[in-house]
Each structure stands twice: as structure tokens, then as C-alpha cells.
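These are my notebook entries on one chain. I wanted to know how its strands are arranged and what sits around them.

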Amino acid sequence: MSGEGLVEVVLPGKVEPEGLQIRSGAVPVAGPGQVLIRMEATGVSFAEQQMRRGRYYDQPPFPFVPGYDLVGTVQATGAGVDPALAGTRVAVLLKVGGWASHVLVDAADVVPVPEGIGAAEAETLVVNGVTAWRMLHRTARVRAGQTVVVLGANGGVGSVLVQLARAAGARVIGTASARHHDALRDQGVVPVDYRAGDVAARIRALAPGGVDAVFDHVGGTGIVDSWRLLAPGGTLVSYGSAATRDDEGSGQWPVLRLLGRVWLWNALPNGRRAYFFNLWAGRALAKDRFRARLRADLTEVFAAYLRGDVTARIAARLPLGAIAEALRLAESGTVAGKVVLEP
């Protein structure tokens with residue numbers, strides 16, 4: 001262990017980014033079925049931006065260590081775990097706990113990172129990549145020749161969605177601020193400026209017959225516009241509530257209201273479907289199936305990266321100790337790609 005200790009970031013309560021605390025301690029020991037991972041890269045996701053406001057819908061009680069996912073090297077294995085795992089680079093989807101120099105996880109939860117992908121690159125693809133892959137291929141089942149709309153086409157998930165949809169042969173209409181339009185056009189996306197008035201009307205002009213899928217991370221009242229853009233047989237996938245991030249009050253309520261609306265829409269007889277996407281669905285009931293599916297999907301995302309279908313967009317790389325700066329940068333809306341934290 002060469003005398004190194006554990007360093008982790010603690011979210012003590014509803015605080016500004018500067019209120020996060022750096023804590024040090026002893027490196028934990030892997031128990032039966034566990035591996036100890038030495039973190040090489042973790043990142044700032046939208047989830048943590050909600051968590052620090054107490055608005056992520058199933059966050060643990062304060063204080064806790066945030067960190068939705070991480071990539072690192074297995075440093076030690078516990079009893080009953082294949083010792084050959086030691087020294088391999090792996091990715092893990094955690095929900096919380098990743099903002100630490102060393103993390104204990106169940107060996108069954110790690111996904112191998114192929115040769116040829118750096119830790120920071122792989123980190124940008126874990127939560128965003130699995131979310132995008134699953135929504136596109138498992139939920140909406142987008143096929144070549146279809147037209148899809150990606151709101152926030154420059155965002156963490158949106159940018160991966162756009163690339164995967166193009167690789168699948170779909171026509172993509174993406175909303176983003178004007179400064180990102182040239183980059184989107186370069187990827188074969190038809191850009192729409194979400195700041196320039198009636199977005200739905202402009203999308204409808206581009207696809208008068210409706211679209212096959214809308215991927216909506218905004219939520220809020222705008223979800224009605226997204227639903228109305230669908231062609232018969234189309235699919236709306238709502239995967240966030242960015243519109244209500246800064247609201248006061250319950251983090252549960254916008255989600256529940258959205259679910260109620262989706263449930264009503266699904267009862268209408270026009271073949272259109274709406275889904276409220278939850279990355280963690282099924283984990284409590286069928287853990288092995290959840291793990292197998294996660295491994296399959298993340299392996300597909302890594303393969304897409306190695307083929308050149310998807311790029312890893314790193315906005316900035318900062319040390320774990322600079323967490324306040326990292327969080328401010330991620331929340332500023334001024335960066336393209338993921339803010340990655342390193343030990």
C-alpha cells in the first residue's frame with residue numbers, strides 16, 4: 001500500500017460547492033466478494049448537482065460521499081473473488097461513493113475496460129453512455145431511417161445519444177444554443193436553437209409528419225410539447241428534470257407529476273408511448289439480471305468508442321481536492337463534455 005491513505009469528498013448537507021468537505025482516513029480492506037478499486041477517474045454528473053440541493057429523488061441521507069460512477073484499477077480482491085482481477089482496469093456504476101481515492105465494490109458490479117481506452121475517456125462513457133445506449137436501443141428501439149429529436153444535444157447524455165443515433169442510421173434533430181450548431185452540423189445533426197422562441201414549431205417544420213422518438217432531459221411543462229411532436233407509433237423518453245433543478249421543495253413531486261402524465265398518455269389509443277427512464281430500474285428485484293444487462297450495454301458503448309462511433313468528450317480534468325471548482329464548472333453550462341475528477 002506504500003503508506004497511502006484514503007481521500008474522499010463528503011457532501012454534508014444542502015451546501016454551495018465550497019461547502020463540500022475533503023476527508024482522509026485509512027484505505028478500506030476488501031471483504032468477501034468485494035474488490036478494492038484505486039480510482040483513476042470519476043466525474044461530475046447532473047445527479048450530484050441535484051444532490052447538493054437535496055433534490056435527487058432517492059439520494060441517501062446526509063452526510064455521504066457522492067460520485068455516480070468511476071474508472072480505476074483493482075488493487076486488491078476479497079475472499080471468493082478471482083485474484084486475476086487485481087491490476088485490471090474496470091468501470092463501475094455506483095450512484096454514490098465514487099468521489100474517493102479508493103472505493104470498495106462488489107466484484108459482480110465491475111465491468112472491464114478494454115485496452116485502448118484511457119481512464120478519463122472511459123469515465124465520460126459510463127453513466128452517460130449506458131443511459132444513451134439503453135434509451136436509444138432498449139427503450140425507443142430506434143432504427144435506420146427514423147427521425148429522432150434530442151433535446152440538449154450538446155449535453156453529457158445528449159452528445160452520446162446524438163452520435164449513437166447517427167451510427168444507427170437515424171436522422172437527428174438536436175436542440176442546443178447557437179454556438180454549438182457548427183459542431184452539431186459536423187456530426188450530421190440538424191440543429192435547432194432552443195433559445196430562439198417556439199422550438200416545437202421549428203422542429204415540426206423540419207418533420208411535418210412527426211418524429212419517431214424524442215429524448216427529453218428537461219421535464220417540467222415542456223414535456224407536453226415533446227409528446228405532441230411524436231408521429232403515431234413514436235416514443236417519448238423522459239430522462240430528467242433539468243427544468244426543476246433549482247426549484248424549492250420536494251424532489252419527488254416533479255417526478256411523480258411526470259409519471260402521472262405519462263401514465264395517462266400511454267392509455268391513449270394512438271400507438272404512441274411515453275417512458276420515464278430510470279437507469280436503476282429492476283436492480284432491487286433482479287440484481288443479477290440488472291448486472292448482466294449493465295455489463296452488456298457498457299461493453300457495447302466501449303466497442304462503439306473503439307470503432308469511432310462515439311467520442312469521449314472531456315471538458316476538464318481536475319484533482320479530487322478541487323471539487324468546488326469542478327462542480328461550479330459543471331453547473332455553469334459553459335463546457336462541452338464531462339468534468340472529470342482525478343486522484
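Entry 1, β12 and its neighbours. I looked up S238 first and found that its bridge partner in β13 is F276. The model is a predicted one, so I read every value below as computed from it. Strands β12 and β13 run parallel and are joined by four bridges. I then turned to β11, where D216 has S238 in β12 as its bridge partner. β11 and β12 pair in the parallel sense, over five bridges. I also noted the connection: β11, helix α7 (residues 223-228) and β12 make a right-handed β-α-β unit.

Entry 2, the whole sheet. In what order do the six strands of the open sheet lie? I read the order as β10-β9-β8-β11-β12-β13, with parallel pairing. β10 (189-193) and β13 are the edge strands, each pairing on one side only. From one strand to the next the twist averages 15 degrees. I checked one more pair: β8 (residues 147-150) and β9 (residues 171-176) are parallel over four bridges. In that pair, T147 stands opposite R171 of β9.

Entry 3, helices on the sheet. I looked up which strands helix α3 (residues 127-139) touches, and found β11 (211-216), β12 and β13. The direction of α3 makes about 150 degrees with that of β12. Helix α6 (residues 199-206) also packs on the sheet, touching β8, β9 and β10. For α6 I noted an angle of about 150 degrees with the direction of β10.

Entry 4, T235. I went back to β12, which is mostly covered, with seven of its nine residues buried. T235 lies in this strand, which spans residues 230-238. Is T235 buried or exposed? Its relative accessible area is 1%, and the cut-off for buried is under 20%, so T235 counts as buried. Leaving out residues up to four places away in sequence, I listed its contacts as T139, A140, D212, A213, V214, L230, R273 and Y275. With R273 there is also a polar contact between the two side chains, at 2.5 Å.

Entry 5, aromatic rings. I counted aromatic pairs and got five. One of them is F62 with F64, stacked at 5.7 Å centre to centre with 15 degrees between the planes. How does the accessibility of F62 classify it? F62 has 29% relative accessibility and is therefore partly exposed, whereas F64 is buried at 9%.

I then looked at W280 and F290, a stacked pair at 5.8 Å centre to centre and 15 degrees between the planes. Where do the two residues sit? W280 is in the loop between β13 (273-276) and α9 (287-307), F290 is in helix α9, and they are 10 residues apart. W280 is at 12% relative accessibility, so I entered it as buried. F290 is buried too, with a relative accessible area of 7%. Finally, I noted that ring pairs link Y56, Y57, Y68, W280 and F290 into a cluster.

Conventions. Residues are numbered from 1 along each chain as its sequence is written. This is a predicted model: local features need pLDDT of at least 70, side-chain atom pairs count only at pLDDT 80 or more; totals for chains, interfaces and linings use all residues. Side-chain values use heavy atoms; hydrogens and water are left out. Buried means under 20% relative accessible area, exposed over 50%, partly exposed in between (1.4 Å probe, protein chains only). A polar contact is a pair of N or O atoms within 3.5 Å; within protein, one must be able to donate a hydrogen and the other to accept it, and residues adjacent in sequence count only if both atoms are side-chain atoms. Contact means heavy atoms within 4.5 Å. Rings of Phe, Tyr and Trp (its six-membered ring) pair if their centres lie within 6.5 Å; planes under 30 degrees apart count as stacked, over 60 as edge-to-face and the rest as tilted. Two strands pair if DSSP finds at least two bridges between them. Axes are lines fitted to C-alpha atoms, for helices over the stretch in contact, and angles run from 0 to 180 degrees between N-to-C directions. A crossover is right-handed if, with the strands pointing away from the viewer, the path from the first strand over the helix to the second runs clockwise.
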